[in-house]
Amino acid sequence: MDRDLDSHINTLVMDYLVSEGYPSAAQNFALEANVQPRVDIESIEERVAIRNAIYGGDIQTAIERINELNPQILDRDSALHFALLRLQLIELIRSCTVTPDGDITPALTFATTHLAPRAPTSPEFLQDLEQTMALLIFPPDNLAPPLAALLDTKLRKDVAKRVNEAILQSNGERTRSKLLELVRTRAWAEQKARDAKKDIPDRIDIGLDPENDGRDLEGDSVMHGNGEAGSTVT
């Protein structure tokens, strides 16, 4: 029974490493636990390369890699494609507003060429584009919270997560690991217990934060506080 339980737990851990994109950790765990990943390591590395490009603000490279992997992903998901293009515009605006006399022409040209034609197809697209273009009007050090959020590197992380899920879905895989689903279910049950005034500790830490995708795993890339992707050093 214990052996069956260990095997099930190992499978859950491997599922997490594959879904969340930690190829080096998956390889090491496969050797240690004698459990093989459900996909080849190269396919995980492809997703990681795309994720790291987005984390680093190189959205053009990310889009090119997605299209090389499967051009139908963005063709079929106009919202994700628009989100990537919008993020690319934000990175252009970020670059040109670093100095007071920065040239905004590249940002304007990109918006006109790639985003303006798509904006009328959706009220949400139009609103997002208008909000993004407002970054060119107001000084970056005095932005309203909704605009400041666009320059927060958390947006890169959010878009990267959507891209990862879209790639997994296109490959016929689960978009979320079973382990994270269990963690979320546990968090829901804990909240229900607190709402019912059950006698439980103020904090129950299980050592796995489902929102922390930048945790250090040996040999795999992580996202630092400045939004740049790097590798862990051991």
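In this predicted model, helix α4, which spans residues 59-69, packs against α6 at an angle of about 155 degrees, and the axes of the two helices lie 9 Å apart. Because angles over 145 degrees count as roughly antiparallel, α4 is roughly antiparallel to α6. On the α4 side the contact is formed by I59, Q60, I63 and I66, which meet L84, L85, L87, Q88 and E91 of α6. Sorted by class, the residues of this contact between α4 and α6 are six nonpolar, two polar and one charged.

Helix α6 also packs against α10, and here the axes come within 11 Å and cross at roughly 150 degrees. The pair α6 and α10 is therefore roughly antiparallel as well, and the crossing of these two helices is left-handed. From α6, the residues A79, L80, A83, L84, L87, I90, E91 and R94 take part in the contact, while α10 contributes L155, R156, V159, R162, V163 and A166. By class, this contact of α6 with α10 holds 10 nonpolar and four charged residues, with no polar ones. Reading the two contacts together, L84, L87 and E91 of α6 appear in the list for α4 and also in the list for α10.

The helices α6 and α10 return in the description of the second largest pocket, which encloses about 200 Å³ of space. Among its 13 lining residues, those closest to the centre of the pocket are A79, A83, R86, D128 and R162. Three helices, α6 (78-96), α8 (123-133) and α10 (154-170), each supply at least two residues of the lining, and the largest share, six residues, comes from α6. The lining of this pocket divides into eight nonpolar and five charged residues, with no polar ones. Of the residues closest to the pocket centre, A79, A83 and R162 are also part of the contact between α6 and α10.

Beyond this pocket, a search of the whole structure finds two cavities of 30 Å³ or more. The second largest cavity contains about 30 Å³ of space, and its lining is made up of I93, R94, T97, L135, F138, P140, L143 and L151. By class, six of these lining residues are nonpolar, one is polar and one is charged. R94, which lines the second largest cavity, is also one of the α6 residues in the contact with α10.

Note on methods. Residues numbered from 1 in each chain as written. Predicted model: local features only at pLDDT ≥ 70, side-chain atom pairs only at ≥ 80, totals over all residues. Heavy atoms only, no water. 1 Å grid on protein atoms, 1.4 Å probe; cavity = no way out; pocket = protein on both sides within 12 Å on 5 of 7 lines; lining within 4 Å. Points joined across faces, edges and corners; volume = space filled by probe spheres on them. Helix = DSSP H or I, 4+ residues; strand = E, 2+ residues; numbered from the N terminus. Nonpolar A, V, L, I, M, F, W, Y, C, P; charged D, E, K, R; others polar. Axes fitted to C-alpha atoms, helices over the stretch in contact; angles between N-to-C directions. Parallel < 35°, antiparallel > 145°, perpendicular 65-115°, else oblique. Left-handed = near helix turned anticlockwise from the far one by under 90°. Contact = heavy atoms within 4.5 Å.
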